[in-house]
Amino acid sequence: MSDKDFEDPIEPSTGSGRREVPGDEGPEAQASGPDSQGDQTDAAADADGDGDELTVEDILDAPQTDEAAVAEASEAARDLLMDLKRVQAEYANYRRRTEEQRQVEIDRAKGSVAKGLLPVLDDLDRAEKHGDLAEGSPLQAIAEKLRGVVARLGVERYGEAGEAFDPQQHEAIFHAPNPGDVADGTILDVVEVGYRLGDIELRPAKVVVAGGAD
């Protein structure tokens, strides 16, 4: 074997017999050295941002106010949007009126039931005045249950002796001479108590008033 066989082969990448020295990459490699890599890193960081910059997706997903929607919409779309808002307002008013009317009908139905019980309540009041509702008697227990049912319906009774006469709530069936220890217009006696259900007057209180009629 000759000495030529032991000579270093020619590096194919260089085309010469000189072996490439590690680190000797030339001007292009030096241009892409650590400083340029740092610049690339800074540029990438600037591109990514600190998370505060808005992206296209953020803008598209952002909620749009009604004013912005109307401003950006065409004339036909604005008309449709205004019609929709008008229909929504009318529907809200319709629901409110319906609920109010429903409550009125409920109170009216309760009042109708309560009115049918008023004569029975009057009989119980008379029996109580005459001492027929003795404590612990069956009739007294029935009276308490019936009065409890009427109270749960929301029916209120009013009209007491000593109150001032109010023509909006009381019906004066008799004007008695003033006994002198009360003011004119004071209720001396209640013949029938009054009943009301909320704003519905079921029956005015029938009373005896001190003093002459005005």
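The side chains of Asp-125 and Arg-147 meet in a salt bridge, with N and O 3.0 Å apart. Because Asp-125 belongs to helix 5 and Arg-147 to helix 6, this pair ties together parts that are 22 residues apart in sequence. Asp-125 counts as buried, its relative accessibility being 13%. The model discussed here is a predicted one.

**Salt bridges**

In total, the structure holds 13 salt bridges. Two further examples share Glu-192: this residue forms a salt bridge with Arg-126, and it forms another with Lys-206. The three pairs described here are set out below.

| Pair | Closest N to O distance | Elements joined |
|---|---|---|
| Asp-125 and Arg-147 | 3.0 Å | helix 5 and helix 6 |
| Arg-126 and Glu-192 | 3.9 Å | helix 5 and strand 3 |
| Glu-192 and Lys-206 | 3.5 Å | strand 3 and strand 6 |

The pair of Arg-126 and Glu-192 links distant parts of the chain, 66 residues apart. The pair of Glu-192 and Lys-206 ties together parts that are 14 residues apart in sequence, since Glu-192 lies in strand 3 and Lys-206 in strand 6.

The accessibility of these residues varies. Glu-192 counts as buried at 16% relative accessibility, because the cut-off for buried is under 20%. Arg-126, with a relative accessible area of 41%, is partly exposed, and Lys-206, at 26%, also counts as partly exposed. Arg-126, Glu-192 and Lys-206 belong to a network of salt bridges that also links Asp-122, Asp-123 and Arg-203.

**Helix 6**

Helix 6, which contributes Arg-147 to the pair with Asp-125, comprises the 15 residues 138–152. At 1.5 Å a residue it should span 21 Å, and its end C-alpha atoms are 21 Å apart, so the expected and computed values agree.

Within helix 6, the residues Gln-140, Ala-143, Leu-146 and Val-150 are buried. They cover an arc of only 125 degrees around the axis, and therefore lie on the same side of helix 6. As a general matter, an α-helix has 3.6 residues a turn, so residues three or four places apart point the same way. The buried residues of helix 6 pack against helix 5 (75–129) and against strand 1 (155–158). On the other side of helix 6, Pro-138, Lys-145 and Arg-152 are exposed. Just after helix 6, Gly-154 takes a positive phi of about 95 degrees.

**The three-stranded sheet**

Strand 3 and strand 6, joined by the salt bridge of Glu-192 and Lys-206, are also members of an open sheet. This sheet consists of three strands in the order 2-6-3, and its pairing is mixed. Strand 2 (170–176) and strand 3 (187–192) stand at the edges; each has a single partner strand, so one side of each is left without a neighbour in the sheet. From one strand to the next, the twist averages 30 degrees.

Strand 2 pairs with strand 6 (residues 205–210) in the parallel sense over six bridges. Ala-172 stands opposite Val-207 in strand 6.

Key: Residues are numbered from 1 along each chain as its sequence is written. This is a predicted model: local features need pLDDT of at least 70, side-chain atom pairs count only at pLDDT 80 or more; totals for chains, interfaces and linings use all residues. Side-chain values use heavy atoms; hydrogens and water are left out. Two strands pair if DSSP finds at least two bridges between them. Helices (H or I, at least four residues) and strands (E, at least two) are DSSP runs, numbered from the N terminus. Axes are lines fitted to C-alpha atoms, for helices over the stretch in contact, and angles run from 0 to 180 degrees between N-to-C directions. The expected span of a helix is 1.5 Å times one less than its number of residues. Buried means under 20% relative accessible area, exposed over 50%, partly exposed in between (1.4 Å probe, protein chains only). The arc is that of the directions from the helix axis to the C-beta atoms. Contact means heavy atoms within 4.5 Å. A salt bridge is a side-chain nitrogen of Lys or Arg within 4 Å of a carboxyl oxygen of Asp or Glu.
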